[in-house]
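Subject: Structure handover

Hello,

Here is the structure for your records. My notes on the ligand site come after it.

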Amino acid sequence: MISSVQTVAVNILVTAGPTREPIDPVRYIGNRSSGKMGYEIAAAFAREGNTVLLVSGPTSLDVPDGVDFLPVETADEMYGAVASHIGRMQVAVFAAAVADYKPSMAAKEKIKKSANTLALELVRTPDILGSCRSRHGFSGTLVGFAAETENLIANAREKLTRKQCDLIIANDVSMPGIGFESDQNEVSLVYPDRIDQLPLASKHDLAHQLVRAILMLHAEKNAVND
Ligand code: PMT
């Protein structure tokens with residue numbers, strides 16, 4: 001059950017949008033994230049009186065009122081932005097759709113059409129969420145998303161453990177009308193000890209519910225640690 005909890009303003013970092021991994025000066029590897037879910041979450045935290053830093057890949061959205069904004073393009077840049085600011089945060093929510101792989105080298109000039117096939121070597125990008133506990137020693141409330149097309153809850157549970165999160169918001173991105181780009185979404189909240197399924201809602205309304213749930217979790221975690 002989600003009820004009211006807000007007490008004092010909390011420093012919150014939110015990542016949102018896609019990353020773009022350059023192939024050459026005009027092409028990149030990207031994904032379908034519009035940024036809507038993450039921007040709505042950042043806006044909802046700010047409306048509740050919190051201090052919010054939104055680290056965002058390229059989107060066409062306006063920066064929400066009352067939110068500090070740090071634009072980035074690549075996964076490496078997003079990693080750097082998070083590494084610089086996570087130390088002063090109490091809550092971090094990772095809604096960005098980060099490319100898991102990037103070209104091993106970006107060509108300096110536009111790649112010309114010549115052969116019938118073109119092979120790109122891809123290398124892993126840093127796991128930004130996964131580095132928060134292990135590399136940056138973040139001890140605040142850590143919330144990730146899991147965008148899945150199969151085995152939604154099992155994969156979300158695996159990410160909860162591997163990335164040492166307090167909560168994973170499980171998003172079935174195989175269903176038409178929710179997830180990427182849509183104005184609506186339907187998610188399950190996967191905690192270490194339970195799952196809460198939230199009904200289909202606009203991303204605006206859902207963000208409000210998510211923010212209440214995350215602030216409640218943060219308050220519970222602090223009460224235990226006090
Ligand atoms: O932007 P919208 O169009 O509104 O769509 C919303 C959304 C579908 C993008 C969003 O709700 C969502 O599900 N975001 C997470 C997308 C994703 O990349 O999920 P993942 O299962 O691949 O990654 C798991 C978690 O690790 C995510 O919190 C992700 O931000 C994080 N991650 C992943 C890879 C990486 N290199 N670094 C990360 O921090």
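The notes below cover the ligand, its surroundings and one loop residue.

This is a predicted model, in which local features need pLDDT of at least 70, side-chain atom pairs count only at pLDDT 80 or more, and totals for chains, interfaces and linings use all residues. Residues are numbered from 1 along each chain as its sequence is written, and side-chain values use heavy atoms, with hydrogens and water left out.

The shell around the ligand holds 27 residues, of which Ser33, Ser34, Ala96, Lys159 and Lys203 come nearest (a residue is near if one of its heavy atoms lies within 4 Å). β9 (141-148), α1 (36-47) and α3 (128-134) each give at least two residues to this shell (strands are DSSP E runs of at least two residues, helices H or I runs of at least four, numbered from the N terminus). The largest share, four residues, comes from β9.

Backbone N or O atoms lie close to ligand oxygen atoms at two positions I would look at: Phe94 at 2.7 Å and Phe145 at 3.0 Å. The protein covers 95% of the 780 Å² of accessible area that the ligand has on its own (Shrake-Rupley method, 1.4 Å probe).

Away from those contacts, Ser182 lies in the loop between β10 (167-172) and β11 (184-185). Ser182 is buried, with a relative accessible area of 15% (buried means under 20%, with a 1.4 Å probe and protein chains only). Its side chain reaches the backbone oxygen of Gly177 at 2.7 Å.

Regards

Definitions and conventions
A polar contact is a pair of N or O atoms within 3.5 Å; within protein, one must be able to donate a hydrogen and the other to accept it, and residues adjacent in sequence count only if both atoms are side-chain atoms. Buried means under 20% relative accessible area, exposed over 50%, partly exposed in between (1.4 Å probe, protein chains only).
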